[in-house]
Each structure stands twice: as structure tokens, then as C-alpha cells.
Amino acid sequence: MSDPATESNDAHSSSQEAKKPQIEPIRMPTVEEIRGQDIWNNCAVRSVVSGVMGGGLGLFMGMFLGALDNPIMQEEMTTRQQIVYQAKQMGRRSWSSCKTFAVMGLVFSAAECTVEKVRAKHDITNTAVAGCVTGGALSARGGPKAACMGCAGFATFSVLIEKFLDRYH
């Protein structure tokens, strides 16, 4: 038989071990991980990837929204004509959205990355400046007033999204 005093000591030491957090050794990154981080920290790479992903998002959004467009003269069109019309609308809308979202992603990412590197800070000011640059660039064709409104609107939207996602504590 076992001694009750030994059992209580074993139970007490096991409860202390359960309470004590396990300390894990620090793992150094591998050469491949360091190279991957260096590549991703390049503003050109980050901007191109954001542009491609933005274009993909725009493509799918355009296809979805293009499918919702109804021809005005539905009664006068045959089924085949409606399908052809719908396919053309989806193609036009998706290509237009693809270009817009690609430019938006590229400009925003490039501006945010550049401002972050110049300021050497990672905070919400970078997002606001990048939003202003993006909004101004996208609406510059409408003149200076439109560019200012685009700058203010996109900067506000970008800051609100960052606050909602709570990226900066």
C-alpha cells in the first residue's frame, strides 16, 4: 500500500505543474522564412499582389452585378438574345470593375507601404494618407474638387475600416 502523505504530496506537486505555464524555447526563423519576409516587405511586390487580388475581386463583383442587369426591352427579345445581352453586360461590367479594383489595390498598397517606410511607423496615419492618395487618384479626372472629395471620402472610409478591424491598438 502506498503512504497517504506521499499521495497528497504527489497531488500537490501535480497541481502546481498544471498551474505553471509551459515555457517554450524561442525558435529562430529559417533562411527561407527570412527571405520570404524580405520579399513581402518590398513595396513593389506588395503593391503588385494587391493589384492582382483587387482585380480578381473586381472581376467577380462585376460578374455578379452584371448578372443583375436586366435588359430594358425584355418582352421584345428572344431567350437567346437575352442570354447574349446578359453575357455581354457581365463581361463589360466585370472588366470595368476588374480594372478599377486593380488600380485601387495597387495605389492604396503602394501609398501605404511607402508612407510606412518613410515615417518608420506602423499606425493609422499611414492608412489615412494612403486612403487620401487613392481617393484623389481615382477621382482626379473629375477635377480638383472631385479629387479633394475623393481624398477625404476614401481616407475616412479607410480609417473607419481600420478602426472596425482594430488592426492598430
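Visitor: Which helix gives the most residues to the lining of the largest pocket?
Guide: Keep in mind that this is a predicted model. The elements that give two or more residues to that lining are α4 (79-119) and α6 (144-165). With six residues, the top contributor is α6.

Visitor: Which residues lie nearest the centre of the largest pocket, and how much space is in there?
Guide: Twelve residues line this pocket. Nearest its centre you'll find F108, F157, S158, I161 and E162. As for the space inside, the largest pocket holds about 270 Å³.

Visitor: How many charged residues are in the lining of the largest pocket?
Guide: Sort the lining by class and you get six nonpolar and three polar residues. Glu counts as charged, and E162 is one of the residues nearest the centre. The charged count for the lining is three.

Visitor: What about the second largest pocket: which helix gives the most to its lining?
Guide: This pocket has about 210 Å³ of space. Its lining includes S50, M53, F101 and M104, and α3 and α4 each supply at least two residues. The one giving the most, with five residues, is α4.

Visitor: How many charged residues does the lining of the second largest pocket have?
Guide: Here the names are S50, M53, G54, L57, F101, M104, G105, F108 and S109. Gly counts as polar in this scheme, and the split comes out at five nonpolar and four polar. For charged residues the answer is no charged ones: none.

Visitor: Which residues make the nonpolar surface patch, and what is its area?
Guide: F64, found in helix α3 (residues 43-68), is one of the members. F64 counts as exposed because its relative accessibility is 55%, and the cut-off for exposed is over 50%. The full set is L57, M61, F64, L65 and L68, with an area of about 470 Å².

Visitor: Where are the salt bridges, and what is the N and O distance in the one formed by D123?
Guide: A search of the whole structure turns up two. E33 pairs with R27, with the closest N and O atoms 3.3 Å apart. D123 pairs with R119, and there the closest N and O atoms are separated by 2.7 Å.

Visitor: Is R27 buried or exposed?
Guide: Its partner, E33, is partly exposed, at 32% relative accessible area. In the other bridge, D123 at 22% and R119 at 30% are partly exposed too. R27 has a relative accessibility of 58%, and over 50% is the cut-off, so R27 counts as exposed.

Key. Residues are numbered from 1 along each chain as its sequence is written. This is a predicted model: local features need pLDDT of at least 70, side-chain atom pairs count only at pLDDT 80 or more; totals for chains, interfaces and linings use all residues. Side-chain values use heavy atoms; hydrogens and water are left out. Patches are made of residues with over 30% relative accessible area and no salt bridge: like charges are joined within 9 Å, nonpolar side chains (Val, Leu, Ile, Met, Phe, Trp, Tyr) within 5 Å. Accessible areas come from the Shrake-Rupley method with a 1.4 Å probe; for residues, only the protein chains shown count as cover. A salt bridge is a side-chain nitrogen of Lys or Arg within 4 Å of a carboxyl oxygen of Asp or Glu. Helices (H or I, at least four residues) and strands (E, at least two) are DSSP runs, numbered from the N terminus. Buried means under 20% relative accessible area, exposed over 50%, partly exposed in between (1.4 Å probe, protein chains only). On a 1 Å grid over the protein atoms alone, a cavity is a set of points where a 1.4 Å probe fits but cannot get out, and a pocket is an open set with protein on both sides within 12 Å along at least five of seven lines; lining residues have an atom within 4 Å of a point. Grid points are joined across faces, edges and corners, and a volume is the space filled by probe spheres set on the points.
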